[in-house]
Protein chains: 2
Amino acid sequence: MSDKSHPTIQEIYNKVHMIDSTIGQATVYRNVNKLVSSGKAKKLSTNSEVDHYDGDISNHYHFICTSCNKIVDIFNFDVDIPIKDIQKSHNISIDNFDMVLYGKCSECNKSY
Amino acid sequence: MSDKSHPTIQEIYNKVHMIDSTIGQATVYRNVNKLVSSGKAKKLSTNSEVDHYDGDISNHYHFICTSCNKIVDIFNFDVDIPIKDIQKSHNISIDNFDMVLYGKCSECNKSY
DNA sequence: TAATAGTTGATAATGATTATCATTAAGAGG
DNA sequence: CCTCTTAATGATAATCATTATCAACTATTA
């Protein structure tokens, strides 16, 4: 839950397996899914084939660098205003969202 | 490209196969991927296991009803302002984004 | 202690996507 | 029309992430 690296299941498994080598992949899948379905963690669906997971369930965006594939949290913006507007204008209720921004991070922009 | 239903590959295949039954799945996969990688269509990665595709590459959000799984386009908001702010404050360049909102549509909110 | 319910690890099964490959189609000169 | 080269196709096999299965183990309860 404290991991800020947005790991994949495989990365979580590797980490867990280091600590306790008796734990299998299935257990990691089961427990991560349990966290997600109980709302204690979030699944990040991206354009990459593997899902990433985030233990931070607070409202924030994600930025993915299309060069180095790094995932960065984006916190400093007011997300409530557009959400409320959309709810009102479309007569829907929004419980949750995933915003994924794609582009180049500052490091990858430097290199040419 | 004119299909506004955000179809899956399977749905595209079904439609295409009706028109010309000699066309196989592989061809649909290949050509849809070609459209996506050349920027003429977009892949929508959602929390569901199958990807959906959108021939409309203009900037807009998507709303997915968690009851009936309907996907709705959300156009009426100004997406440029937060994007520009984020680019400036994080020193990144954003080429593209996916915003997926999850909740209940007006029809599913009515039923109880 | 005994009974029941829940969790686990190993492995098989599933299902969406991708790779392979022989065949067919398309294009470019001549 | 021909030949040559290159690209696209359909069928099928392979891949890979995820899920289901199931016997063994653990926890809980009475």
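Which element gives the largest share of the surface near DNA strand C? In this predicted model, that element is H2(A), with five residues.

**View 1. Residues of the protein around DNA strand C.** DNA strand C is surrounded by 13 residues. Thr22(A), Ile23(A), Thr27(A), Arg30(A) and Tyr29(B) are the closest. Of the atoms of DNA strand C that come within 4 Å of the protein, 67% belong to sugar and phosphate. By residue class, the surface near the strand holds five polar, four charged and four nonpolar residues.

**View 2. Polar atoms of the protein at phosphate oxygens of DNA strand C.** In chain A, a polar backbone atom of Thr22(A) is 2.9 Å from a phosphate oxygen of the strand. For Ile23(A), a backbone N or O atom lies 3.3 Å from a phosphate oxygen of DNA strand C. In chain B, the side chain of Tyr29(B) has an N or O atom 2.6 Å from a phosphate oxygen of DNA strand C. Helix H2 (25-37) of chain A and helix H2 (25-37) of chain B are the elements that give two or more residues to the surface near this strand.

**View 3. The axis relating chain A and chain B.** A turn of 180 degrees with a shift of 0.0 Å along the axis lays chain B on chain A, with an RMSD of 0.0 Å. This is the relation of a two-fold axis. The C-alpha of Met99(B) is the one in chain B nearest the axis, at 2.1 Å.

**View 4. The interface between the copies.** The copies meet through the same surface, because 100% of the interface residues of chain B are also interface residues in chain A.

Notes: Residues numbered from 1 in each chain as written. Chains lettered and ligands numbered in written order. Predicted model: local features only at pLDDT ≥ 70, side-chain atom pairs only at ≥ 80, totals over all residues. Heavy atoms only, no water. Least-squares fit on C-alpha atoms with pLDDT ≥ 70 in both. Contact = heavy atoms within 4.5 Å. Near = heavy atom within 4 Å. Polar contact = N/O pair within 3.5 Å; in protein donor to acceptor, adjacent residues only side chain to side chain. Helix = DSSP H or I, 4+ residues; strand = E, 2+ residues; numbered from the N terminus. Nonpolar A, V, L, I, M, F, W, Y, C, P; charged D, E, K, R; others polar.
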